[in-house]
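Please read the following briefing alongside the sequence and the coordinates. It takes up a metal site, a set of paired strands and the charged side-chain contacts.

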Amino acid sequence: MSNGHSDHSGDLSGSGLTLGYDRRIVSRDLTVSIPPGSFTVIIGPNACGKSTLLKALSGIVTPNDGTVVLDGKELSRYPAKALARKLGLLPQSASAPDAITVVDLVSRGRYPYQRMLRQWSAEDEEAVTSAMAATGVTDLADRPVDELSGGQRQRVWLAMVLAQQTQLLLLDEPTTFLDIAHQIDVLDLCADLHEQGGRTLVAVLHDLNHAARYATHLIVMSQGAIVAEGKPAEVLTEQLVTDVFGLQCQVIDDPQTGTPMVVPAHRRSRSREFALGSGLAS
Ligand SMILES: Nc1ncnc2c1ncn2[C@@H]1O[C@H](COP(=O)(O)OP(=O)(O)O)[C@@H](O)[C@H]1O
Ligand SMILES: [Mg+2]
């Protein structure tokens, strides 16, 4: 491409997208552009269309209308393996084949590199080993995936996507099921991939404070549309949280990072009438 990053720039965008399932339209005429090299985070209420957008951007859902373009070429024109070498997706609800072990599942991330005459290589081995180390699942290597806790399983899936070694990573709620320390581990890992690896990340997150801390670019969705985007400090305001999530709140500076921190209004100031009237306020 002309930006000097060769064809590994990970330049992903969609325009005029109409997305949905059968006759249910989720998004209409949606235009989105993922800044190359960004850590983009998508936030928005339940069922507003975040996963649908991520699926469209990764070729899992075919737009009813409009096009998704990756590095100058329409997504639908990529052969499956070629696309999988450029773009990895961690779906919101992934399910593993029965009785597969951790190391075997992570190894499936190397599938787009397999060819008829090319067997498993030292490079494949190294990719799997380092992906497992980065996500802290090395000790689980020989365990069946279906016997793991939700949090362990989530990290195994992440390892599989990392082993794919793509320039672009699309992660749908990568911190679901994780305790707070593991949530931060995963987000730190994402930040490292972004900062040191120069990768482009797109993640759907529910925690607005995590989104504000980690995102270089924040996209806010509501009812299938993008209603705001930009730097977290500019986007995440009290008004926006009230409008989009229906939550009264205060936005203060995160004492650690200075990024916006959303503090929900106390229930007594949110629903004073109910609290006083019900006699349960204490
Ligand atoms: N496979 C599907 N078939 C039919 N409708 C779906 C399917 N997946 C999602 N939807 C609907 O599309 C809308 C958007 O869903 P989704 O993109 O998963 O939202 P989010 O990820 O923001 O919670 C919801 O109304 C949901 O019920
Ligand atoms: Mg979702």
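Which protein atoms are the donors of the magnesium ion (ligand 2)? They are Ser51 (OG) and Gln92 (OE1), lying 2.0 to 2.2 Å from the ion, where donors are N, O and S atoms within 2.8 Å of the metal (3.2 Å for Na, K and Ca) and, water not being among the atoms, sites may look incomplete.

This is a predicted model, in which local features need pLDDT of at least 70 and side-chain atom pairs count only at pLDDT 80 or more, while totals for chains, interfaces and linings use all residues. Residues are numbered from 1 along each chain as its sequence is written, chains are lettered from A and ligands numbered from 1 in the order in which they are written, and side-chain values use heavy atoms, with hydrogens and water left out.

**Magnesium site**
- The two donors come from distant parts of the chain, 41 residues apart, with Ser51 in helix H1 (residues 50–57) and Gln92 in the loop between strand S6 (87–90) and helix H3 (102–107); helices (H or I, at least four residues) and strands (E, at least two) are DSSP runs, numbered from the N terminus.
- Ser51 counts as buried at 17% relative accessibility, whereas Gln92 is partly exposed at 40%; buried means under 20% relative accessible area, exposed over 50%, and partly exposed in between (1.4 Å probe, protein chains only).

**Strand S7 and its partners**
- In strand S7 (residues 168–172), 5 of 5 residues are buried, with Leu168, Leu170 and Asp172 pointing one way and Leu169 and Leu171 the other way.
- S6 and S7 run parallel and are joined by 4 bridges, Leu89 having Leu170 as its bridge partner; two strands pair if DSSP finds at least two bridges between them.
- S7 also pairs in the parallel sense with strand S8 (residues 200–204) over 5 bridges, and the bridge partner of Leu171 in S8 is Ala203.

**Salt bridges**
- The whole structure holds 3 salt bridges, each defined as a side-chain nitrogen of Lys or Arg within 4 Å of a carboxyl oxygen of Asp or Glu.
- Asp71 and Lys86 meet at 2.7 Å, N to O, and both residues are buried.
- Arg110 and Asp124 meet at 2.8 Å, N to O; Arg110 lies in the loop between H3 and helix H4 (122–134) and Asp124 in H4, so the pair ties together parts 14 residues apart in sequence.
- Arg213 and Asp254 form a salt bridge at 2.8 Å, N to O, in which Arg213 is partly exposed at 33% relative accessibility and Asp254 is buried at 5%.
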